[in-house]
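Grab the model and let's work through some charged pairs together. Try each exercise yourself before you read the solution.

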Amino acid sequence: MEERTLYFPRPRKEKRILWILLALALLAAAAWFVLFRVNRFTLSIHLTGEETVQLEYGQAYEEPGAEVILTGTLFWKKGITLQDAQLQIDSGVREDTLGRYPVFYSAGCYGLRAEAGRTVRIIDTVCPVITLAEGGSLAPGGSFQEPGFTATDNYDGDITDRVVRTETAGLVTYAVVDSSGNPCYVEREIPIYDPVPPEIYLEGGEYYAITTGSFYTEPGYWATDNIGGDLTGKVTVEGEVNWLEPGTYPITYTVTDEYNNVTVVTRQVEVSAKPRPQTVWPQGKTIYLTFDDGPGPYTQKLLDVLDSYGVKATFFVTDTGYNEVMKEIVDRGHSIGIHTVTHNYREIYASPEAFFADLHKMQDIIYENTGIRTTLMRFPGGSSNTVSRATYEGLMSILSEAVQNAGFQYFDWNVDSNDAGGARKAETVFNNVVDGVGQTGISLVLQHDIHAYSVEAVEDIIVWGLNNGYTFQPLTESSPGFHHGVNN
Ligand code: ZN
């Protein structure tokens, strides 16, 4: 019985190992089945960047690369990147030629394979450039002489021969398209052939005359052009007229039209001097009584005194507010002359312009009151005055000549009653005049009828003069002027 118990345990132990091995094999088979049959692996290539890449001609192609991904249906569903997978890139890109090029990607791993493709397009969107040569003349009445043009393209190179040139009235158009269809269009204006210069018309004519002492103001002009129309605003005027100095002064007017036709016209402005009257010296002993600065409150009385002796005198008047007396001076046969409107030295001696403005104005005032346009005048302070030095150096030298060239006769004096100075009584005025007259055969006496004492002395002066064989005369254009030496 014991022998039987020894015999049975051994086969039982071996059998258990077998069972274990069998179970392990079954387990491995199941695992393999699940992993490689139930869970199926796939290999794929994911491109980095776009599937189609567009490159402007001239740009370099830079390979963006790709990833190799292993994906399972049960495990690694999201996929894992295989870093050591053998990715092969096959690029057919030719950067120097426009076109569509494929790039192939392939990879292999664990017996799996994957492939992908990308398209690279080399394109040209840059327009060609047309360059026009400068110039281009137009033959008189003829056609436009094309100065030339070129067309170049970044890809096609020189495409001048493909340019379509069209000439219409006043315009040339140039158009070209490169091999990629990029256009270029330019225009050129055909210059107008204009040989006709503009015209300048001078108001007042090419010869224009003024008298010395009359202000010169531009008489006016206008310019027209066959194409540009009114070019008056483009006229430049050069030259200056010295209205104080007799002479001929050219003034040039220049205008240029837009086709460079230049027109120059000249106006000759003649500043003429009026002829000076011949001085006629009176016969015999003569006294010219002259009264400045009036009319005034005593002038009426003075006129009566003069009338009662039949004596004629001369009045150098100002704008005093007694202007109605001017008419009476003239009506009673006396001479009337210009003194000044304002008697303001700083104003009237500020410049030649200021002086002549005052002179002409006073001449007008006298004319308005008397109907006489007198040319007799006396400078305030006389031509020898030095007050004008403060305002205008050399003014009296200019004015003493200019007023005569302007047709005025100026009168100074050789006997000063001094009624504007120290003499404040009729007796003194009388004595001063008689003393002065006694020293000369022909006297030009200075008095002021705005002073009562001076007017008061007149009757005695007349009586004395008549008793001593003098004749009293009014001044005329040909009377002697007794001009002082000019001090400024
Ligand atoms: Zn005065």
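**Exercise 1.** Work out whether Glu 218 is buried, partly exposed or exposed, then do the same for its salt-bridge partner.

*Solution.* Keep in mind that this is a predicted model.
- Step 1: Glu 218 has a relative accessibility of 33%. Buried means under 20% and exposed means over 50%, so a value in between counts as partly exposed. That makes Glu 218 partly exposed.
- Step 2: The partner is Arg 267, with the closest N and O atoms 3.0 Å apart. The cut-off for a salt bridge is within 4 Å, so this pair makes it.
- Step 3: Glu 218 sits in the loop between β15 and β16, while Arg 267 belongs to strand β20, so the pair ties together parts that are 49 residues apart in sequence.
- Step 4: Arg 267 has a relative accessible area of 0%, so this one is buried.

**Exercise 2.** Sort Arg 94 and Asp 96 by exposure, and find the distance between their closest N and O atoms.

*Solution.*
- Step 1: Arg 94 comes out at 47%, so call it partly exposed.
- Step 2: Asp 96 reaches 51%; that's over 50%, so it's exposed.
- Step 3: Their closest N and O atoms are 3.9 Å apart, and the two form a salt bridge.

**Exercise 3.** Do the same for Asp 364 and Arg 373.

*Solution.*
- Step 1: The N to O distance in this salt bridge is 3.0 Å.
- Step 2: Asp 364, at 31%, is partly exposed.
- Step 3: Arg 373, at 44%, is partly exposed too.

**Exercise 4.** Which residues are linked in a network of salt bridges?

*Solution.* Look for Glu 146, Arg 165, Glu 167 and Arg 188.

Methods
Residues are numbered from 1 along each chain as its sequence is written. This is a predicted model: local features need pLDDT of at least 70, side-chain atom pairs count only at pLDDT 80 or more; totals for chains, interfaces and linings use all residues. Side-chain values use heavy atoms; hydrogens and water are left out. A salt bridge is a side-chain nitrogen of Lys or Arg within 4 Å of a carboxyl oxygen of Asp or Glu. Buried means under 20% relative accessible area, exposed over 50%, partly exposed in between (1.4 Å probe, protein chains only). Helices (H or I, at least four residues) and strands (E, at least two) are DSSP runs, numbered from the N terminus.
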